[in-house]
Structure formats: C-alpha cells, structure tokens
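Student: Hi! Could you walk me through this model? I'd like to start at the surface and then look at the contacts.

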Amino acid sequence: MTLRDANKVAGFAEDDLTGLTDAVFHDLPDAVICADCEGLIRFWNAGAERIFGFSRDEAVGQSLEIIIPERLRQRHWDAYRRMMETGRSRHPSNEPLSVPAQTKSGQTISIHFTVAPLPGPYGVVAGIVAVLRDATATFQELRRLCADERGM
C-alpha cells in the first residue's frame, strides 16, 4: 500500500481540507483569532473562549480591545495600523511575541502569539489571523527562578 492509498483509507484526501480546517480553527487548545482591517473580531475559536473567557457570541463583532490592557492599547493600534498598511509586523515572523493580555474577568495574563496578515483583493491586507497561547504559568515560573537566583 502506498502512502497516498494509506491517506485515502485514513480519510485524508489531498483536496479536502475540511478536517484540517476543523482541527486548526476549532479543536486547537490555542486561541485562533481573526480580525478585520478595523480590528473587529471576525473569528474566535474554542481556545480563545477558554483562554480569555468570552464566548464566541460575546467576542465576534467586538474590538480586539476586549483582550488588550488599556495601558497597551495605543501601542497595539499603532502596530496594527502598520500591519494593515504594509502587510508586515516589525517583529520577525518566526518569533512569538510575548505580551500581557486581559480576560473577561479583568485578570491580566501573559500570552505568546504569532500574527499573519490576511490577504484581501488587489493585494490589500483585509485583516489578521493570530494564534495565541496562555504563557502565564511559564512567565510566573521564570519570574520565580530569577528571584531565587537573585536571593542566592
């Protein structure tokens, strides 16, 4: 049996990405968020619900500001506008960004995220897709280790 035949038996068809789409957008534990060129949330997966506490119905149509701490909003919007204009972030695409975020309850968490532009017609950037991971526990452990090292 060839690899191609094995993939067909397992339900993997080269031209059918339904299962891949479902897995990436709905089943990943990470947050997957899509926002339009105005910064309004257009897609919010189950991982985003779990991490941020907003249901899909509560988040879709809202500004990304629902997860951005107030003190960081101006910096966020400056970077967002730059991404909409140029299609690029000023950060290397292969390095996740680490920033604070806020949950529905107002709790501040630490997240790692990557972002990519969503292409629109005529080469215009239509929005962004971001994959975010809650890194709060990791950040707290690093902080504890640094404090322990200083106390030695």
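**A walk through the model**

Tutor: Happy to. Leu20, Val24 and Leu28 make up a nonpolar patch on the surface, and their accessible area together is about 220 Å². Keep in mind that this is a predicted model.

Student: Where is Leu28 found?

Tutor: Leu28 is in the loop between H2 and S1.

Student: And what does Leu28 count as in terms of accessibility?

Tutor: Leu28 counts as partly exposed, because its relative accessibility is 33% and partly exposed covers the range between under 20% for buried and over 50% for exposed.

Student: Nice. Let me zoom out for a second: how many helices and strands are there in the chain?

Tutor: The chain has six helices and five strands. Reading from the N terminus on, the elements run α-α-β-β-α-α-α-β-β-β-α.

Student: How much of the chain counts as buried?

Tutor: Of its 152 residues, 30% count as buried. One buried residue is Ile33, with a relative accessible area of 2%. Ile33 lies in strand S1.

Student: How far apart are Ile33 and Ala59 in space?

Tutor: From C-alpha to C-alpha, Ile33 and Ala59 are 9.8 Å apart, with their positions 26 residues apart in sequence.

Student: Back to the surface, then. Which residues gather in the patch of positive charge?

Tutor: That patch is formed by Arg71, Arg75, Arg82 and Arg90. Take Arg82 from that group: Arg82 sits in helix H5, which spans residues 73-86. With 33% relative accessibility, Arg82 is partly exposed.

Student: Okay, charges paired with charges next. How many salt bridges does the count come to?

Tutor: The count comes to six salt bridges. As background, side chains of opposite charge can pair when their charged atoms come close.

Student: Which residue does Arg133 meet in a salt bridge?

Tutor: Arg133 meets Asp30, with an N to O distance of 2.9 Å. Arg133 belongs to strand S5, while Asp30 is in the loop between helix H2 (18-27) and strand S1 (31-36), so this pair ties together parts that are 103 residues apart in sequence.

Student: Are those two buried or exposed, or in between?

Tutor: They split. Arg133 is partly exposed at 47% relative accessibility, whereas Asp30 is buried at 11%.

Student: What about Arg42, which residue does that one form a salt bridge with?

Tutor: Arg42 pairs with Asp36, and their closest N and O atoms are 2.9 Å apart. Arg42 is partly exposed, with a relative accessible area of 47%, and Asp36 is buried at 15% relative accessibility.

Student: Where do Arg144 and Glu141 lie?

Tutor: Both Arg144 and Glu141 are in helix H6 (residues 136-151), three residues apart, which is about one turn of the helix. Arg144 and Glu141 form a salt bridge too, with the closest N and O atoms 2.6 Å apart. Here Arg144 is partly exposed at 40% relative accessibility, and Glu141 is partly exposed at 34%.

Student: Changing topic: how many disulfides are there?

Tutor: The count comes to zero disulfides. As for the cysteines, including Cys34 and Cys37, Cys34 is buried with a relative accessible area of 13%, and Cys37 is partly exposed with 40%.

Student: What is the distance in space between Cys37 and Gly120?

Tutor: Their C-alpha atoms are 9.8 Å apart, although Gly120 and Cys37 are 83 residues apart in sequence.

Student: Where does Gly120 lie?

Tutor: Gly120 is in the loop between strand S4 (108-119) and strand S5 (125-134). At 21% relative accessibility, Gly120 is partly exposed, since the buried class is for values under 20%.

Student: One last thing. What is the phi value of Tyr122 near?

Tutor: Phi of Tyr122 is near 60°, so to speak a positive value in a residue other than glycine. Tyr122 also lies in the loop between S4 and S5.

Student: Is Tyr122 buried or exposed?

Tutor: Exposed: Tyr122 has 83% relative accessibility, and the exposed class is for values over 50%.

Student: Great, thanks for the tour!

Methods. Residues are numbered from 1 along each chain as its sequence is written. This is a predicted model: local features need pLDDT of at least 70, side-chain atom pairs count only at pLDDT 80 or more; totals for chains, interfaces and linings use all residues. Side-chain values use heavy atoms; hydrogens and water are left out. Patches are made of residues with over 30% relative accessible area and no salt bridge: like charges are joined within 9 Å, nonpolar side chains (Val, Leu, Ile, Met, Phe, Trp, Tyr) within 5 Å. Accessible areas come from the Shrake-Rupley method with a 1.4 Å probe; for residues, only the protein chains shown count as cover. A salt bridge is a side-chain nitrogen of Lys or Arg within 4 Å of a carboxyl oxygen of Asp or Glu. Lys and Arg count as positive and Asp and Glu as negative; His and the chain ends are not counted. The place of a charge is taken as NZ of Lys, CZ of Arg, CG of Asp or CD of Glu. Helices (H or I, at least four residues) and strands (E, at least two) are DSSP runs, numbered from the N terminus. Buried means under 20% relative accessible area, exposed over 50%, partly exposed in between (1.4 Å probe, protein chains only). A disulfide is a pair of cysteine sulfur atoms within 2.5 Å.
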